[in-house]
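Colleague: I've got the model open and could use a guide. Let's go through it piece by piece.

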Amino acid sequence: MRTAEVTRNTSETRIRVSINLDGTGRQSLNSGVPFLDHMLDQIARHGMIDLDVHCDGDTHIDDHHTVEDIGIALGQAIAKAIGNKAGIRRYGHAYVPMDESLSRVAMDFSGRPGLFYFVDYSRARIGSFDVDLAREFFQGFVNHAQATVHIDNLRGENAHHQCESIFKAFGRAMRMALEKDPRSENVIPSTKGVL
């Protein structure tokens, strides 16, 4: 089983993340940011990973540190669970529609972090959630998962639909990229021989 647990304790957040990459989408989420829990649920269910996230963060200030640090911890957990990346497909992509919104995510677990994020939200907040924090989550993730991720919202009018279609596409792209390839079970998917 490809599993990992990560704890991240700072003066701003105390986080525990555990994952099973070969799970069924089971999740237990308590980030302290309800909309983020809803988005993490999309990653777990559409990524078919078991995901437990618990965070005590300084949300009395705002949600920034909590959202960013959970992205960091999730990236660390993914990197730990996939190890040397032998046997994974490495690349993943997904298009996900949600009503009027359509999002595309493509990723490469290349060992080279990079986020290319093109989203023009229709409004600045989804309930109390600042949409700028979605980018901070993904930036933290790519930096610590050592992945290149392209995120595009191709169209959308409802900010909730835009954001949710992104997280669903992210989960599905990650599922594809981290899936074991039975034809190359012990092969690292790179001509360099290392990722």
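Colleague: Which residue in strand 10 stands opposite L115?
Modeller: Quick heads-up: this is a predicted model, where local features need pLDDT of at least 70, side-chain atom pairs count only at pLDDT 80 or more, and totals for chains, interfaces and linings use all residues. Residues are numbered from 1 along each chain as its sequence is written, and side-chain values use heavy atoms, with hydrogens and water left out. Strands are DSSP runs of E with at least two residues, and helices are runs of H or I with at least four, both numbered from the N terminus. Now look across from L115 into strand 10, and you land on V149.

Colleague: Do tell: are strand 7 and strand 10 parallel or antiparallel?
Modeller: Strands of a sheet pair through backbone hydrogen bonds, either way round. Two strands count as paired if DSSP finds at least two bridges between them. F118 has D152 in strand 10 as its bridge partner. Strand 7 and strand 10 (residues 148–155) share 5 bridges, and their sense is parallel.

Colleague: And strand 6 with strand 10, how many bridges join them?
Modeller: One place to look is L102, whose bridge partner in strand 10 is R155. These two strands run antiparallel, and the number of bridges is 7.

Colleague: Which strands stand at the edges of that sheet?
Modeller: The sheet is open, with 4 strands in the order 5-6-10-7 and mixed pairing. Each edge strand has a single partner, so one side of it is left without a neighbour in the sheet; they are strand 5 (91–98) and strand 7 (114–118).

Colleague: What angle does helix 4 make with strand 5?
Modeller: Axes are lines fitted to C-alpha atoms (for helices, over the stretch in contact), and angles run from 0 to 180 degrees between N-to-C directions. Contact here means heavy atoms within 4.5 Å. Helix 4 packs on the sheet, touching strand 5, strand 6 (101–108) and strand 10, and its angle to strand 5 is about 150 degrees.

Colleague: There's another sheet, in the order 1-2-4-3. What are its edge strands?
Modeller: That one is also built from 4 strands, open and with mixed pairing. Each edge strand pairs on one side only; they are strand 1 (3–9) and strand 3 (27–30).

Colleague: Which strands does helix 2 lie across?
Modeller: Helix 2 spans residues 64–82 and runs at about 35 degrees to strand 2. The strands beneath your cursor, if you follow helix 2 along, are strand 1, strand 2 and strand 4.

Colleague: What volume does the largest pocket have?
Modeller: On a 1 Å grid over the protein atoms alone, a pocket is an open set of points where a 1.4 Å probe fits, with protein on both sides within 12 Å along at least five of seven lines; lining residues have an atom within 4 Å of a point. Points are joined across faces, edges and corners, and the volume is the space filled by probe spheres set on them. For the largest pocket, that gives about 160 Å³.

Colleague: Of the 13 lining residues, which are closest to its centre?
Modeller: Helix 4 (residues 159–178) gives the largest share of the lining, 4 residues. The closest to the centre are L21, D22, G47, M48 and R175.

Colleague: Last one: what is the chain's radius of gyration?
Modeller: The chain has 4 helices and 10 strands. The radius is taken over C-alpha atoms, and the globule rule is 2.2 Å times the number of residues to the power 0.38. The rule gives 16 Å for 195 residues and the chain comes close to that, so it is as compact as a globular protein of that length, with a radius of gyration of 16 Å.
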